[in-house]
Amino acid sequence: MEPAADDTACRVEVLRSVDFLPPSVWHQLAPPDDPMWSRSVFGAMEDGAIGPDSYAYLVVRRGPRTEAVLPMALFRNLRLDDIVGARERRLLSPVRTSVPRLLRVPMLFCGNFLGQGHVLSAEPLTDEVIRALVDGVLRFARAERLGTVVFKDFAPADLSPLRGALGSAGFFPAPSMPDTELTLSGDSFDRYVEQLPAKPRRNARSNLRKFAAHPGLRMETVEDFRALVPQMLGLYRQVMDRAEQRLDVLDAGFLTALAASPGPDRRLVACFEGERLVAFLLCLFSGSGATGARIGLDYRLAHEARLYHNVHYAAIRLALDAGCRHIRFAQTAYTPKLEFGCRLTEQSYAITHLRPLPRAVLRRLLPAALAAARTQALGPHAPARATHPRDTAAADQEGAPSACPE
């Protein structure tokens, strides 16, 4: 007996919450060593108000089998002046004052809004599944009237299988900011420091001494940080006020939901002055991977006490103690992160617009603009040298790395 057509053909559906995906399906498909892909992180995003107006999950099924899942974040009016650099923001200031609607763009982000992009699947994607996925994304964008569609922060290996279908659908590539990832090969923090090249090693020891010279400061690890959320937000705002771009801004809803969730394994590296929180780094763990997700700093002390560096050192200690093989940090402050020993993980966008004329304009302007922003953010760390922290770190002045670069 021949199988029914419904049992062999791919079908696409859109779910409006991660709660509609069974946990067993999510755990089967999601990367096991990337804590930013924990189901609880997506639930916390839905509970918070960190930027997107809503979320959806495009699911490709064949019979009862889930072939692929692609998370999506919907912006009805994304403010372009919030996602460009400070120089571009100044240039756009008159437009924001006189015609603010011109700076608000409906946009659909595909992938992980807070992390590296993936299409979730248990096996390599077939051409049929990929075509169904891309067609489903475009149909959903049209139905929601979201003109610009972006596959966000995909590594080359994850974007490569999609390139043919994306290119046929009018998508074009554009460079994204690289992630920073530290491979953990030592069995202790002391051993990690010993394995650094000479100048970064001396800088690390100098940073540790400068922190120790402030006896009123102490570093703690907090598992349930709900009571600290108000203080965390104050420090986080200090960092965001200095940030070049603000695509996402964490809020109390997100942090509280994440702290209260059963997973992922999350810890707050918390630095206190007396009873007052003066710095934090939110750390997430899953399998062999860890992420230092977001940071907050009291700039009154940050430079003198090297708070930025020392909360990262504490996160590296935690990851080593947890047996992790790598830890990722944010797409900012590349100089100190390369000095920590991180390598740059290349990522890119795939972008289109539903209408031909705006698509042609974006294709002409966006790749060059994003490449220029990337070059500016990387500073002296040219792409050819970016994977060699021994070389890039040597340019820093001994004992005086960037004190509070976020």
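**Two mixed sheets and a helix crossing**

In this predicted model, C283 stands opposite G292 of strand β11. The pair belongs to a good place to begin, the contact between β10 (residues 276–286) and β11 (residues 289–297), where eight bridges hold the two strands in antiparallel pairing. Both strands sit within an open, mixed sheet of seven strands, which follows the order β8-β9-β10-β11-β12-β7-β13. At its edges are β8 (217–222) and β13 (343–345), each of which pairs on one side only. From one strand to the next, the twist of this sheet averages 25°.

A further open sheet of seven strands, again with mixed pairing, is ordered β1-β2-β3-β4-β5-β14-β6. Here β1 (10–15) and β6 (172–175) take the edge positions; each has a single partner strand, so one side of each lacks a neighbour in the sheet. The strand-to-strand twist averages 25°. For β1, the pairing with β2 (residues 54–62) is antiparallel and comprises six bridges. Within this pairing, V12 finds its bridge partner in V60 of β2.

Turning to the helices, α3 (residues 39–47) and α11 (residues 252–260) have axes that come within 7 Å and cross at roughly 145°. The crossing of α3 past α11 is right-handed. On the α3 side, the contact is made by S40, V41, A44, M45 and D47, which meet G253, F254, A257 and L258 of α11. Sorted by class, the residues of this contact are six nonpolar, two polar and one charged.

Terms used:
Residues are numbered from 1 along each chain as its sequence is written. This is a predicted model: local features need pLDDT of at least 70, side-chain atom pairs count only at pLDDT 80 or more; totals for chains, interfaces and linings use all residues. Side-chain values use heavy atoms; hydrogens and water are left out. Two strands pair if DSSP finds at least two bridges between them. Helices (H or I, at least four residues) and strands (E, at least two) are DSSP runs, numbered from the N terminus. Axes are lines fitted to C-alpha atoms, for helices over the stretch in contact, and angles run from 0 to 180 degrees between N-to-C directions. A crossing is left-handed if the near helix is turned anticlockwise from the far one by less than a right angle, and right-handed if clockwise. Contact means heavy atoms within 4.5 Å. Ala, Val, Leu, Ile, Met, Phe, Trp, Tyr, Cys and Pro count as nonpolar, Asp, Glu, Lys and Arg as charged, and the others, Gly among them, as polar.
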